[in-house]
Amino acid sequence: MSSATTNAAAPAKELATALRHDLARVWDNEPGWIGQLTAVNHTTIGLRFVFTGIAFLLIGGMLAMFMRLQLAWSDQTVLDAALYNQFMTLHGTTMMFLFAVPVMEGFALYLIPKMIGARDAPYPRMGAFGYWCYLFGGVFLYSSFLFGAAPDGGWFMYTPLSGAEYSPGLGPDFWLLGVTFAEIAAVTGSIDLIVAILKTRAPGMAIQRMPLFAWYVLITAFMIVFGFPPLILGSVLLEIERAFGFVFYSVALGGSPLLWQHLFWLFGHPEVYIIFLPAAGVVSTLIPVFARRPIVGYTWIVLAIIGTGFLSFGLWVHHMFAIGIPLLALSFFSAASMAVAIPMSVQVFAWIATLWSGKPQLRPPMRFILGFFFIFVLGGLTGVMVALVPFDWQVHDTHFIVAHLHYVVIGGLLFPLMAGVYYWLPHVSGRMPNDGFSRMVFWLIFIGFNLTFLPMHLTGLLGMPRRAYTYSADLGAAVQWLNLASTAASFVLAVGFVAFCIDVFLAWRHGRTATPNPWNAATLEWGMPVPPPSYNFIAIPAVADRDPLWANAGLRRDLEAGVGFLPGAARDVRETLGTTLRAGKPEQVIQLSGSSWIPLLTAITLVFVLAFFIAGWYWPAGIAFVGTVAALWRWIWTTGDGDSPAQLDAGPLGAQPLLLPTQAASADSPGWWGMVIYLLVDASLYGSLVFAYFYLWLAAPAWPPPGHALTTWAWPAFGIVLLLGGSAAIGRAVRRNARALPGGGRSALAVAALLMSGFLATQVLNLVEYGQPPQSHAYASLLYVLIGYQGLHALIALVMAAFVWLRSRRGMVDAVRQRDYRVVALFWHYTTAVWLIGILLVHLFPRLV
Amino acid sequence: MAFPNYQRLVGVISGMIVWAMWFVVVYALTGIGCNAGWNERTAPGGGLLSLLLLLSTVVALVLIGWCAWRGYAGWRQGEDARGSGREVHQRGRFMGLVMFVLSLLAGIGTVMGAIPIVMLDPCAA
């Protein structure tokens with residue numbers, strides 16, 4: 001029992017101090033460097049993402065400086081063609097995959113729980129695991145330099161250039177494995193953030209009162225859920241093709257290199273908005289603070305964010321206007337590219353209206369917001385220009401595109417990011433930025449950026465190609481001089497970034513001590529001491545307004561005194577409050593994991609898997625993967641609430657008890673929601689596979705090719721009966737457990753597992769009967785991948801069934817704590833549903849066409 | 001008919017979901033139709049492929065219009081019922097307006113995308 005809860009009569013200040021003491025004991029990271037490796041707290045992990053992202057920004061920036069030196073004048077020899085291609089590839093890859101996405105996820109991971117009144121994100125260990133995957137993925141990618149095998153096919157890794165025939169070395173393998181490894185962080189982060197925002201908001205923070213930043217992050221996270229799987233699938237297929245000779249992108253045996261482009265840009269264009277929307281969230285958060293009034297058009301901004309999220313998925317072919325697609329199809333994408341300007345403009349108008357009707361202050365963060373306006377609007381305008389097909393054809397593959405994309409990405413992401421760093425610096429460090437130094441940083445970066453990239457519009461229009469290590473002097477003296485100016489200015493930009501890092505470092509160490517809410521902001525993260533304690537809030541506050549710190553003058557005092565839900569750490573366990581989806585009413589007590597080695601160990605096993613794989617040692621890779629599965633098993637087995645009671649008191653101190661279920665007993669547990677969101681990721685990946693199937697069907701002259709027809713219905717028919725029977729058995733297991741019948745649902749679980757094993761056997765027999773090797777044709781390769789996908793899901797379902805069976809037997813699952821059964825049933829039914837599509841693709845469709 | 005429901009998050013985005021489905025359908029129809037030579041088959045008012053594309057557009061616009069109406073009704077209902085159950089109505093009003101305007105945006109996106117169907121040969125490269 002904690003010291004605080006035994007002393008309820010103590011004066012409020014002493015009580016709050018005792019609560020803080022208890023909370024710090026439970027929530028602080030383990031001491032020392034070794035202890036830091038076990039940290040899972042969202043504050044620590046979020047900051048690690050941000051710092052690592054900025055480190056990769058500097059590395060990617062250095063690569064860019066070499067490229068600028070090479071392009072300063074025609075026919076330079078600073079870099080040869082091979083090295084230039086490597087630097088160009090890693091510059092783009094670093095900036096997109098290792099800087100832009102992770103740094104914004106880091107911001108979100110650090111801020112979201114604090115903004116919505118939670119003590120941590122719902123899956124702390126998953127956040128830590130994502131960070132290690134990101135770090136190791138980035139290091140894995142850069143380790144390619146040590147082996148003289150840095151990828152050189154561009155950050156877009158187009159086939160056939162990246163295929164085994166034209167890139168026989170390990171370069172593309174480093175890219176495909178390293179980037180996919182790092183992408184795990186994006187996917188795990190998105191699941192963590194979605195469930196955090198939907199299920200752990202402070203009581204009273206109904207959906208119409210969520211901070212705008214939370215809306216931006218929510219939509220961004222959903223975009224990752226649907227946008228990243230196409231690239232993950234494309235990368236997996238390309239790696240399988242390179243390593244095992246399957247056929248997906250090779251024309252000779254029924255594949256198509258354009259399939260890669262589709263899968264890449266199905267990810268690649270939403271990606272632009274995935275990195276822009278959180279940055280716009282920073283803008284929407286900062287403008288009301290410095291305009292000193294609530295945002296104008298909250299509802300309109302929310303619908304604009306959602307609209308942008310949707311429309312951004314209809315733009316991907318505008319990166320492929322020059323590949324020979326029928327004009328009508330191009331026009332669909334051209335129209336969507338222009339339509340997305342509507343919701344984007346709604347946001348810009350709302351920002352201008354807020355500034356117009358407020359009393360703006362030009363503080364350090366605001367300077368970067370104004371810089372963002374100038375640069376991003378220019379990037380947006382050239383974006384509308386290249387959305388027009390005829391104009392795009394003219395500037396395709398020229399430096400005009402380089403100028404456009406840097407105006408969008410640096411304007412849209414980097415300037416808001418720097419604004420955010422200055423704005424939240426007092427929150428993280430407890431110290432204020434220096435106004436004079438930050439002004440110099442701003443002008444260095446603003447002038448350096450514009451003088452670097454504005455000339456590229458002209459050099460592009462004059463015909464200078466991009467993605468090439470040099471250019472012809474025949475393009476004219478103007479192109480040469482403009483390039484020289486561009487290179488000179490890039491040094492100003494680079495000095496600006498170095499100055500930025502120095503400024504932040506100096507402010508962090510020696511800046512003026514910040515007051516708790518130095519900008520007079522309205523959002524909850526400023527309601528805590530700075531720098532923030534590991535537990536964020538002594539008690540979870542109740543919220544009744546969109547701008548809680550402005551609307552309720554007493555809220556800060558209440559927060560400091562520990563007035564609110566779940567005060568202290570009464571049970572010596574990390575806890576936060578779960579609330580309902582729309583109304584934000586208290587619903588459950590979510591018990592969270594503390595510091596743990598498991599995330600790091602799991603990520604290390606994956607490093608071994610990838611290292612063995614890239615070396616071609618497939619058996620050791622398989623053994624290492626068994627280690628991954630074992631680590632994951634241990635991880636899930638030790639979820640924080642295994643032995644806790646089914647109900648806990650979450651009410652404020654001195655108030656009537658508010659008994660709420662723990663997450664294991666809640667119908668809406670984070671575990672169940674996490675599975676729902678994961679299945680959306682999985683379904684998006686499967687949808688991409690279905691797209692690939694139909695795309696290659698359209699491209700192939702005969703489908704199936706001669707000698708590849710499946711002849712028997714016996715195995716698939718038997719298989720589907722077994723699969724449906726398994727689903728029925730799982731349903732029965734859930735019901736028997738809920739009714740507390742003897743043995744719970746264990747016998748039905750065993751039956752379901754038996755039926756699923758039978759289904760797996762029918763799939764193997766089906767492939768034996770088919771008889772063709774996967775390397776023989778794209779049709780065969782797809783058949784193996786579709787059946788392999790199904791088989792993998794069946795195996796996972798079997799492992800899950802064994803897991804729940806054991807938990808049930810140990811008494812960790814019962815009629816009250818049903819979560820595990822519900823989660824496994826969800827996955828099981830999904831596996832069945834997917835095969836209902838799979839069987840149509842594999843067995844029915846080829847017989848019809 | 002209470003579907004789609006403006007008080008549910010999926011209902012709020014239903015207009016955009018219809019737009020996304022329409023987008024997939026017209027893009028897939030163009031690919032499959034051109035491959036199968038549907039553009040050369042005649043139908044009332046032009047080629048079969050163009051007709052199918054226009055039909056799918058009409059269906060999408062009707063569904064989006066219905067979503068917009070449901071959103072509008074939710075928004076107005078929230079407004080009219082102000083005073084009783086303020087919290088619930090405030091939320092209903094918010095979600096109804098978001099659903100209504102999102103559906104309008106979906107409608108604009110559909111019309112903008114569909115205009116070239118009547119202007120271009122669907123398979124001209």
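Two residues are in contact here when heavy atoms lie within 4.5 Å. Keep that in mind as you open this predicted model and select chain B.

**Stop one: the whole of chain B.** Start with a cartoon view. Four helices and two strands appear in chain B, and following the sequence you meet them in the order α-α-β-β-α-α. Now turn the chain to see its outline: along the principal axes, its C-alpha atoms fill a box of roughly 60 × 25 × 20 Å. The radius of gyration is 18 Å, whereas a compact globule of 125 residues would come near 14 Å.

**Stop two: contacts.** Among contacts in chain B with a separation of 6 or more, 71% join residues 24 or more positions apart.

**Stop three: surface and charges.** Switch on the surface of chain B. Its accessible area is about 6,200 Å², and carbon and sulfur atoms supply 69% of that. Of the 125 residues, 43% count as buried. Next, colour by charge: chain B has 8 positive and 5 negative charges, and their mean positions lie 13 Å apart.

**Stop four: helix H2.** Select residues 14-36 of chain B, which form helix H2. How far apart are its end C-alpha atoms? They are 32 Å apart, which agrees with the 33 Å that 23 residues should span at 1.5 Å a residue.

Show the side chains of H2(B) next. The buried residues include B:Trp19, B:Trp22, B:Phe23 and B:Tyr27. B:Ser14, B:Gly15 and B:Gly33 are also among the buried residues of this helix.

**Last stop: B:Gly37.** Step just past H2(B) to B:Gly37, where phi is positive, near 75°.

Note on methods
Residues numbered from 1 in each chain as written. Chains lettered and ligands numbered in written order. Predicted model: local features only at pLDDT ≥ 70, side-chain atom pairs only at ≥ 80, totals over all residues. Heavy atoms only, no water. Rg over C-alpha atoms; globule rule 2.2 N^0.38 Å. Buried < 20%, exposed > 50% of the residue type's maximum accessible area, 1.4 Å probe, protein only. Areas by Shrake-Rupley, 256 points an atom, 1.4 Å probe, with all protein chains shown as cover. Lys, Arg positive; Asp, Glu negative; His and termini not counted. Charge placed at Lys NZ, Arg CZ, Asp CG, Glu CD. Expected span 1.5 Å × (residues − 1).
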